[in-house]
Amino acid sequence: MKPRSNTGPRHAPGGSRGPDGGHGRSDDRGPARGPSRPRHDDRPPPRMRDREHGDQDFGPPPGRRRPLAHGPGEISLHGPPELATPLADTIAGARSLDGDVLTHGFHVWPARMHRAIAGDLIALLAPRVGSTVLDPFVGGGTVAIEARVRGHHVIGVDANPLSALVVRTKARLTSADDRDAFGVLVEALTERSFERVRERKGALAKIHGEHLGLYGTHTLKELAGLLEEIRSLDPQIDPADREAALVVFSSIVGKVSNRRADTSDEDVRKRIRKGLSTELFQRKGHELVERWAELSRTVRVRPGSLEVLTGDARALPRLLNGKAVDLIVTSPPYGGTYDYVDQHALRLDWLSLPRTHFERAEIGARRHGGEVERWDQELGDSLAAMRAVLRGPASRVALVIGDAQLGPRRLDAHEHVLALAPRVGLRPIAGASETRPDHLGGPQRREHVIVLGPR
Ligand SMILES: C[S@@+](CC[C@H](N)C(=O)[O-])C[C@H]1O[C@@H](n2cnc3c(N)ncnc32)[C@H](O)[C@@H]1O
């Protein structure tokens with residue numbers, strides 16, 4: 001049986017120091033104050049949404065703030081209308097739905113898929129509960145959460161080692177006891193962190209020089225102290241809770257840095273007062289508890305298993321070790337559009353997660369300089385790997401993918417996938433595309449939902 005003690009070795013729970021009343025404030029007035037009222041009353045704490053989703057705490061919004069495929073573009077169909085129309089409906093339907101329900105928006109993830117698109121595709125293509133659903137580019141876990149809610153077994157893969165922590169935490173199904181225990185753990189960590197701030201206790205931030213400059217001295221010390229407290233938790237504590245505490249920590253390190261946004265390179269001067277990092281940690285910790293409760297209430301079927309692996313999607317057969325899947329729903333990188341390694345560099349650094357393999361494995365990265373042949377090979381190899389793990393003729397692959405921007409060249413992703421599919425033993429079944437404004441100011445791009453089956 002898993003140990004349930006979450007209070008750690010040194011402090012009794014409760015009596016922690018926190019924000020005034022514990023609700024909503026994230027300004028920077030004055031040093032750490034205390035004590036807050038206990039958090040688990042009948043009022044849920046306010047959600048501190050990720051900056052992508054409307055958080056206005058620190059300055060104006062970054063460019064892209066909503067989960068993908070949530071725009072009012074024109075939709076076109078590909079293939080038999082009876083198969084393509086439901087795909088178009090998933091795109092159109094998502095426009096009016098909140099992307100940030102359940103645990104979806106708990107931790108920022110660039111280019112997050114809209115949860116309604118993931119949910120609809122799973123409902124459409126895996127109608128039987130208990131199927132095995134794979135997302136080989138699982139990122140922040142949208143597909144994993146939606147598949148779990150529907151009672152499927154889930155396998156997630158991502159080259160970014162942070163993804164496994166984030167997805168396991170966001171897709172975790174908890175009991176009321178689990179949530180209470182985690183709430184107590186958050187309070188204990190908060191209390192220890194405030195104590196360190198009051199006593200001016202030093203801690204060494206083990207992050208690279210390029211990141212040290214993003215923080216004021218006291219914020220750096222406070223974050224390093226908080227991380228030290230998480231790392232020195234009693235080994236008896238449930239490893240899933242320890243991991244969740246790290247994910248909560250990861251969710252705040254961008255917010256208290258001088259980065260304008262989690263997904264931006266732009267630096268701004270923020271005044272972060274002493275104690276604010278700890279308050280945000282406390283608030284996000286309780287937000288996670290609330291989101292978990294919402295997620296667990298939503299699951300009305302027997303939950304399936306969840307496995308999240310760190311690795312290259314092009315090596316799926318080896319990673320899955322002989323396992324076959326009924327359905328793949330995934331959103332691969334859009335060629336030449338993002339550098340995921342750079343966007344996560346700060347969090348990887350804080351959490352001491354290695355980035356070398358991720359750097360080598362990342363496909364479609366903008367830093368690759370727009371080589372068409374390279375992207376062709378990367379996407380082709382990814383599709384071949386997906387084909388190799390499909391269970392049988394009724395298995396399906398659903399891709400949510402945008403046009404590539406390879407240097408000056410725009411490559412239509414739908415045409416590209418259709419050209420690659422037969423080479424790797426896949427056949428197109430249906431698709432729908434939506435035009436979207438280019439956030440860099442270029443001509444419209446299209447995002448596509450493409451369903452493929454084995455040939
Ligand atoms: C568009 S994002 C996926 C977002 C995800 N659907 C969500 O909703 O959060 C693409 C993901 O592909 C991952 N990735 C890039 N190259 C990869 C590779 N070779 N193997 C596995 N994952 C990779 C990135 O780390 C990123 O998380």
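In the predicted model, isoleucine 401 stands opposite histidine 448 of strand β10. This pair belongs to a region in which β6 (396-402) and β10 (445-454) run antiparallel to one another, joined by six bridges. On β10, seven of the ten residues are buried, and the strand is thus described as mostly covered.

Strand β10 also pairs with β9, again in the antiparallel sense, and here ten bridges are found. Within this pairing, alanine 432 has valine 449 of β10 as its bridge partner. Strand β9, which comprises residues 426-436, is in turn paired with β1 in the antiparallel sense over four bridges. Isoleucine 75 is matched there with glutamate 434 in β9.

These strands form part of an open sheet of eight strands with mixed pairing, arranged in the order β1-β9-β10-β6-β5-β2-β3-β4. The edges are occupied by β1 (75-78) and β4 (306-310); each has a single partner strand, so one side of each is left without a neighbour in the sheet. On average, neighbouring strands of the sheet are turned by 15° against each other when direction is ignored.

Two helices that pack on the sheet may be described next. Helix α1, formed by residues 81-94, touches β1, β9 and β10, and its direction makes an angle of about 40° with that of β9. Helix α2, formed by residues 115-125, touches β2 (132-135), β5 (327-330), β6 and β10. The direction of helix α2 makes about 165° with that of β5.

How values were computed. Residues are numbered from 1 along each chain as its sequence is written. This is a predicted model: local features need pLDDT of at least 70, side-chain atom pairs count only at pLDDT 80 or more; totals for chains, interfaces and linings use all residues. Two strands pair if DSSP finds at least two bridges between them. Axes are lines fitted to C-alpha atoms, for helices over the stretch in contact, and angles run from 0 to 180 degrees between N-to-C directions. Two residues are in contact if their C-beta atoms, placed from the backbone, lie within 7 Å. A residue is buried if 20 or more other C-beta atoms lie within 10 Å of its own, exposed if 12 or fewer, and partly exposed in between; C-beta atoms are placed from the backbone.
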